[in-house]
Amino acid sequence: MKIKAVLLLAVSMLLVFTLGQTVFAFSDTSKDPNKSKIEALEKQGVIKGDKGNKFNSNGKLTYAAGVSMLVKAFHLNIDNIRFIKEPKVSDYYPNLKDNAWYADAFIIAQYNGLEVPKNVKANDEMTREQFAHHLFKAIVKQGDFAFIELYMTINDEKNVNKDYMDSIQKLLISKIATLDKKNNFYPKQKITRGVAAGWLYDGLEFVKNTPTIPEVPSEPAPQPIQDLKLTVTSVNKDINKVTVTGQAPNPGYGLRIAAISFVDGKAVIKVETVQPDPNKMYPQVITEVSASTYVDAALKPVLAPTEATASGDAAVSSPALAS
């Protein structure tokens, strides 16, 4: 009986050890310099291995995996946006499939400013500069951080996409990404899953440990578009079209619907000014500008407070709904 008890105990210990290894570690990362960071991301539910419990550190990171990883790690979402029509990933990225496992992540990335190329394919392999750029955009989505005014010398700078340079500089300054001994970044080189996981972990740590810049109250800038008004017209019994109009000082300005929030039976519509093209000349003629959206007919549309409407609710007219 004692022998059986000892054997049972030994088997139990072996099972605990084996299960622990399965849940909390990959079987192929023991020699990876980012091993601890990879395991930390796994415990957070950001990454996972394949059926063989392998992470494949040296494998190349696809756009499908990379975007999904960034969205999950930084808890990006579109919870504050209400859509009249359910968004599909193909609306923004025509080469992606609407019912694919990665579809929601790309939609969220689109609305959170990660600046994923429109012509991307799911299995495209990310370059180091591409992942750096998308990672930085996800980081600054978390808050306004102060970065040291320093320019890092990159030996292979001529190979860097100029649109990605600021992101790469900020990651280098923050020591989230590093150069090699010859100060090369290898921007066009495909990034490996292990390196991407290391940068991602350090990016999360940066956000966690770096205070954001406190907001300083300032005098509101005068709004170029005045006399904002809402017009509501019925599309059908369920949907109303809401148009916001205003008076701009010249035809270079425009309006856009920036956000819609829903509070106490109201659809609160926030508009933003579209600035004129600085490289063009416009006649100084008062011009009516407008932007439209669609809301549930059960909700009362109102404008969010702005400097142009702070004195009271903007005028709302509903010609198609008048009794």
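Visitor: In this predicted model, does Glu129 count as buried or exposed?
Guide: The model is predicted rather than experimental, and the relative accessibility of Glu129 in it comes to 4%. The cut-off for the buried class is under 20% relative accessible area, so at 4% Glu129 counts as buried.

Visitor: Which lysine meets the side chain of Glu129 in a salt bridge?
Guide: Glu129 belongs to helix α5, and its partner lies in the loop between α6 and α7, so the pair ties together parts that are 59 residues apart in sequence. That partner is partly exposed, with a relative accessible area of 47%, whereas Glu129 counts as buried. The two side chains meet at 3.0 Å, N to O, and the lysine is Lys188.

Visitor: Glu115 also forms a salt bridge; how far apart are the closest N and O atoms?
Guide: The partner of Glu115 is Lys137, and the pair links distant parts of the chain, with Glu115 in the loop between α4 and α5 (128-140) and Lys137 in helix α5, 22 residues apart. Glu115 is partly exposed at a relative accessible area of 47%, and Lys137 counts as partly exposed at 22%. A salt bridge requires the nitrogen to be within 4 Å of the carboxyl oxygen, and here the closest N and O atoms are separated by 3.7 Å.

Visitor: Which residue meets Lys37 in a salt bridge?
Guide: Lys37 sits in helix α2, and its partner sits in helix α7, 165 residues apart, which makes this a link between distant parts of the chain. Lys37 is partly exposed, with a relative accessible area of 22%. The side chains meet at 2.8 Å, N to O, and the partner is Asp202.

Visitor: How many salt bridges does the count come to?
Guide: The rule asks for a side-chain nitrogen of Lys or Arg within 4 Å of a carboxyl oxygen of Asp or Glu. The pair of Lys37 and Asp202 satisfies it at 2.8 Å, and the pair of Glu129 and Lys188 does so at 3.0 Å. By this rule, the count of salt bridges is nine.

Visitor: Which residue with a positive phi follows helix α2?
Guide: Helix α2 spans residues 35-43, and its buried residues are Ile38, Glu39, Ala40, Leu41 and Glu42. After the helix comes a residue whose phi is positive, near 80°, and that residue is Gly45.

Visitor: Which residue in the loop between α3 and α4 has a positive phi although it is not a glycine?
Guide: Most residues other than glycine have a negative phi. The residue in question lies in the loop between α3 and α4 and counts as exposed, at 66% relative accessibility. Its phi is about 55°, and the residue is His75.

Visitor: What is the phi of Lys175, which is not a glycine either?
Guide: Lys175 lies in the loop between α6 (165-173) and α7 (193-209). With a relative accessible area of 69%, Lys175 is exposed. Its phi is positive, at about 60°.

Visitor: Through how many residues does a hairpin join β1 to β2?
Guide: Strands β1 and β2 (residues 239-248) run antiparallel and are joined by seven bridges, and one of the residue pairs is Gln226 with its bridge partner Gln247 in β2. The hairpin connects β1 to β2 through residues numbering four.

Visitor: What distance separates the C-alpha atoms of Lys229 and Val302?
Guide: Lys229 is found in strand β1 (residues 226-234) and is partly exposed, with a relative accessible area of 45%. Lys229 and Val302 are 73 residues apart along the chain, yet their C-alpha atoms are separated by 9.5 Å.

Visitor: In what order do the three strands of the open sheet come?
Guide: The edge strands are β3 (254-263) and β6 (300-303), each of which pairs on one side only, and the twist averages 30° from one strand to the next. Strands β3 and β4 (residues 266-274) run antiparallel and are joined by nine bridges, with Phe262 standing opposite Ala267 in β4. The pairing of the sheet is mixed, and the order is β3-β4-β6.

Visitor: What is the area of the nonpolar surface patch that includes Ile84?
Guide: Ile84 lies in the loop between α3 (63-73) and α4 (103-111). Patch residues need over 30% relative accessible area, and Ile84 is partly exposed at 48%. Together with Val235 and Tyr294, Ile84 makes a patch of about 280 Å².

How values were computed
Residues numbered from 1 in each chain as written. Predicted model: local features only at pLDDT ≥ 70, side-chain atom pairs only at ≥ 80, totals over all residues. Heavy atoms only, no water. Patch = residues over 30% accessible without salt bridge, like charges linked within 9 Å, V, L, I, M, F, W, Y side chains within 5 Å. Areas by Shrake-Rupley, 256 points an atom, 1.4 Å probe, with all protein chains shown as cover. Helix = DSSP H or I, 4+ residues; strand = E, 2+ residues; numbered from the N terminus. Buried < 20%, exposed > 50% of the residue type's maximum accessible area, 1.4 Å probe, protein only. Pairing = 2+ DSSP bridges. Axes fitted to C-alpha atoms, helices over the stretch in contact; angles between N-to-C directions.
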